[in-house]
Amino acid sequence: MEISKKKGSMRQSMRVYMVSKRILDIVLSLCALLILSPIFLAVFMIDCFGENKGPIFYKQVRIGLHGKPFKIIKFRSMIIDADKKLRKDPKLYHEYKKNNYKLPEGKDPRVTKVGSLLRKSSLDEIPQFINVLKGEMALIGPRPVVSEELSEYGKRTSELLSVKPGAMGYWQATGRSNIGYPERCDIELYYVENQSFLFDFRICFKNIISIFKSDGAF
């Protein structure tokens, strides 16, 4: 009886946490999009000229809550049809997979000069507040993966997909691209097992520090 009450209390606490987290996600995303709107305008203007001319946003299919695919939104930092170019080049695609589904810093021929600055400063991630507002992502959670990366999680894939992916995550806070698989799996799943408001606050603070230090950003 006592165990049943304890489990019920834990479930209730988790429900309160999830509802409160969603409300906070909506409020903070709206505020961020409003405050950062001048950056959207600046990037739009840059994308009207020269080698950067093209769409302001880059959208890529990622895997979300319960395995539902969605399109993550970023400021475009690469040439148009960058994904097609990657898959048409066997050597480049092999390097991409070998390097934890990201090409090494300075070795991605698809990244523009302006795009490199956007990535280094993490400004390319700002449009993800739109994903958060739509409910496809949370502000804090495991970073959303492409379908090929799910194999890295093996039998624990369902555990990873039991929560919304986040714009900021524990993996980012601990080193980002400097930490590859399989260590990344352990870090992301540690968050899933220990998520709480206090942990979310710590992750948010560490991510802000990482952004200013440009740790693992490229």
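Helices and strands are DSSP runs, numbered from the N terminus, with at least four residues for a helix and at least two for a strand. With that in hand, welcome to a short tour of this predicted model.

**View 1. The cis peptide bond between Tyr181 and Pro182.** Here the chain passes through the loop between helix H8 (170-173) and helix H9 (183-194), where Pro182 lies. The bond that joins Tyr181 to Pro182 is cis, with omega at about 5°. As background for this view and the next two, most peptide bonds are trans, and most residues other than glycine have a negative phi.

**View 2. His66, a residue with positive phi.** Look for His66 in the loop between strand S1 (57-63) and strand S2 (69-75). His66 is not a glycine, yet its phi is near 60°. Is His66 buried or exposed? His66 has a relative accessible area of 65%, so it counts as exposed, the cut-off being over 50%.

**View 3. Ser122, in the loop between helix H5 and helix H6.** The two helices that flank this loop span residues 113-120 and 128-134. Ser122 also has a positive phi, about 65°, although it is not a glycine. Its relative accessibility is 9%, so Ser122 counts as buried, a word used for values under 20%.

**View 4. A nonpolar patch on the surface.** Four residues come together here: Leu41, Phe44, Met45 and Phe49. The patch they make covers about 450 Å². To find your way, start from Leu41, which sits in helix H2 (residues 37-46). Leu41 is exposed, with 53% relative accessible area.

**View 5. Arg62 and its surroundings in strand S1.** Arg62 belongs to strand S1 and is buried, because its relative accessible area is 11%. Which side chain does the side chain of Arg62 meet in a polar contact? The partner is Gln60, at 2.7 Å. The Arg62 side chain also reaches the backbone oxygen of Pro144, at 2.8 Å. Leaving out residues up to four places away in sequence, Arg62 touches Lys68, Pro69, Phe70, Ile72 and Lys74, as well as Pro144, Val145 and Val146. Phe40 is 22 residues from Arg62 along the chain, and 23 Å separates their C-alpha atoms.

**View 6. Lys21, a buried lysine in helix H1.** Helix H1 runs over residues 2-35, and Lys21 is part of it. The relative accessible area of Lys21 is 9%, so this lysine is buried. Its side chain makes a polar contact with the side chain of Tyr191, at 2.8 Å. Apart from neighbours within four places in sequence, the residues in contact with Lys21 are Ala138, Ile140, Tyr191, Gln195, Phe197 and Asp200.

**View 7. Stepping back to the whole chain.** The protein chain has ten helices and four strands, and their order along the sequence is α-α-β-β-α-α-α-α-β-α-β-α-α-α. Its C-alpha atoms fill a box of roughly 70 × 40 × 30 Å along the principal axes. The radius of gyration is 18 Å, which agrees with the value near 17 Å for a compact globule of 218 residues. Buried residues make up 43% of the chain. Of the contacts with a separation of 6 or more, 69% are between residues 24 or more positions apart. On the outside, the chain exposes about 12,500 Å², with 64% supplied by carbon and sulfur atoms.

Notes:
Residues are numbered from 1 along each chain as its sequence is written. This is a predicted model: local features need pLDDT of at least 70, side-chain atom pairs count only at pLDDT 80 or more; totals for chains, interfaces and linings use all residues. Side-chain values use heavy atoms; hydrogens and water are left out. Buried means under 20% relative accessible area, exposed over 50%, partly exposed in between (1.4 Å probe, protein chains only). Patches are made of residues with over 30% relative accessible area and no salt bridge: like charges are joined within 9 Å, nonpolar side chains (Val, Leu, Ile, Met, Phe, Trp, Tyr) within 5 Å. Accessible areas come from the Shrake-Rupley method with a 1.4 Å probe; for residues, only the protein chains shown count as cover. A salt bridge is a side-chain nitrogen of Lys or Arg within 4 Å of a carboxyl oxygen of Asp or Glu. Contact means heavy atoms within 4.5 Å. A polar contact is a pair of N or O atoms within 3.5 Å; within protein, one must be able to donate a hydrogen and the other to accept it, and residues adjacent in sequence count only if both atoms are side-chain atoms. The radius of gyration is taken over C-alpha atoms; the globule rule is 2.2 Å times the number of residues to the power 0.38.
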